[in-house]
Amino acid sequence: MKTYFPSWLQRTFILLLWGMVYYLSGLISLKFDDPNSAIAIVWFPSGVAVAAFLSARWRDYPVLILIFALMSVLLDEAWQSVPIFVTTLGYSLLAMPANVLIAWIVRRFSRANDDLHVILLWICTTFIVSLFDALLVGGGYAFFTDQPMTKTIWNGFVADVTGIFFATTVVMGFVNKRGPAASASWPTRLAGLALLLLLCAATAFIFGYKGTWLRTEAAALYFALSCLPIVLTMMLSLVWGNRGGSIGLLALGAIVIHFTDQHQGPFFLRGLSFTESLLLALSYLSAAALLIVFVRVLRRSTNRFNPDTGRLAGNGVLYRLEPATGVFNWENDLSSLLGSASPDEFNTVERVLRHVHPSDREKLRQHWFTPAQSRHSALIFRIKTNNDEWLTLVDSGGVAMSNGGARIIVGNWQTSHYDLAI
């Protein structure tokens with residue numbers, strides 16, 4: 001028997017989960033902390049915040065901003081009194097608008113169903129907004145605390161950009177379900193596991209290498225070997241899908257962070273300062289994340305679909321509708337589309353329409369009940385799954401037939417490649 005939780009409880013849990021992920025990413029960021037810098041050289045929570053604002057409903061923004069600001073205060077061990085707490089909270093709130101603005105611009109100006117445009121808009125917006133944020137917030141902080149202006153602004157800019165590129169890519173790989181699902185077959189699972197183990201072993205060897213031969217006799221080879229973990233991560237993304245890419249990035253990032261914190265790895269070259277080596281390591285992780293993003297775009301765009309409706313290849317779920325009674329008969333398992341769907345919840349027109357997006361109900365009703373010659377051959381609509389998410393489907397056909405003198409409508413539901421604006 002399936003247990004249903006109240007919507008407010010689910011919403012609270014999701015918001016608190018975002019706060020926990022934000023806090024944990026902050027702890028990881030502090031591994032890169034430069035004791036000579038007033039600002040962390042990388043700030044993964046910025047990427048977590050951008051991912052949250054990209055995924056959340058508008059009404060959740062104020063609560064998320066407050067939760068993230070409080071988590072930032074908890075990450076700062078400097079506050080010990082009420083005045084310092086208020087100051088730290090105020091600074092944390094000032095850091096939020098940049099993340100909100102990035103997410104708002106991407107959501108507002110991205111082209112529907114154009115993944116490449118979304119990614120390029122996100123990259124450009126991140127650079128521009130992070131620069132202005134570093135000038136205003138970082139520059140203001142340097143001015144009032146008598147810190148080096150140029151160094152503080154530069155560190156703030158790098159911290160935001162690298163944190164957003166890496167953390168947003170990782171988080172969206174788990175949150176975003178638009179991409180094609182990875183195969184659940186055992187050969188695919190084992191191949192992905194083998195790639196993950198090989199990725200961990202290769203990264204640990206390359207970044208944990210303590211010998212002298214590669215560093216002195218084959219420095220170019222040692223530096224080039226650092227590309228191998230990125231290639232393995234991309235392969236894992238192809239085999240295991242979006243979540244596989246995020247798992248690979250997490251493994252890669254954890255190992256690189258661990259050995260970078262111990263001043264090891266191919267980026268700790270002679271003549272470079274600790275901060276410069278850290279910047280190389282962070283640029284490496286950011287480049288890996290961006291490559292994974294483009295792999296996701298290519299993998300999604302090469303999936304077979306109808307260019308008009310976005311209908312993905314496959315048989316879908318067939319149905320028979322009796323217009324006189326409004327009764328549905330499903331020929332296939334509806335849960336393959338909607339996830340654990342009970343047939344009783346979709347056995348009449350009115351029950352089906354309860355799950356359909358309010359903006360699509362009337363056009364779907366007309367699709368079924370208007371004369372066949374005036375009805376379109378395919379219709380795109382949105383329906384809510386049991387995970388409380390909107391799924392875009394294509395109703396193909398809707399052909400009117402006669403069965404024993406009674407009129408019936410035969411149609412087909414399939415997943416669409418496109419997302420309709422909510």
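The crossing of helices α7 and α10 is right-handed (the near helix is turned clockwise from the far one by less than a right angle). In this predicted model, local features need pLDDT of at least 70, side-chain atom pairs count only at pLDDT 80 or more, and totals for chains, interfaces and linings use all residues. Residues are numbered from 1 along each chain as its sequence is written, and side-chain values use heavy atoms, without hydrogens and water.

Helix α7 spans residues 186-207. Its axis comes within 9 Å of that of α10, at roughly 25°. The two helices are therefore roughly parallel (angles under 35 degrees). Their contact comprises 24 nonpolar, five polar and one charged residues.

Helix α10 covers residues 227-261 and contains S246. S246 has 0% relative accessibility and so counts as buried (under 20% relative accessible area, 1.4 Å probe, protein chains only). Its side chain forms a polar contact (N or O atoms within 3.5 Å, one able to donate a hydrogen and the other to accept it) with the side chain of R296, at 2.8 Å. Beyond four places in sequence, S246 touches T169, V170, G173, F174 and R296 (heavy atoms within 4.5 Å).

A second helix pair joins α2 (residues 44-55) and α6 (residues 149-175). Their axes lie 6 Å apart, at an angle of about 45°. The pair is therefore oblique (neither under 35, over 145, nor 65 to 115 degrees). This crossing is also right-handed. The contact of α2 with α6 has eleven nonpolar, five polar and one charged residues. Among them, F44, V48 and L54 lie in α2, and I164, F166 and M172 in α6.

Key
Axes are lines fitted to C-alpha atoms, for helices over the stretch in contact, and angles run from 0 to 180 degrees between N-to-C directions. Helices (H or I, at least four residues) and strands (E, at least two) are DSSP runs, numbered from the N terminus. Ala, Val, Leu, Ile, Met, Phe, Trp, Tyr, Cys and Pro count as nonpolar, Asp, Glu, Lys and Arg as charged, and the others, Gly among them, as polar. Buried means under 20% relative accessible area, exposed over 50%, partly exposed in between (1.4 Å probe, protein chains only).
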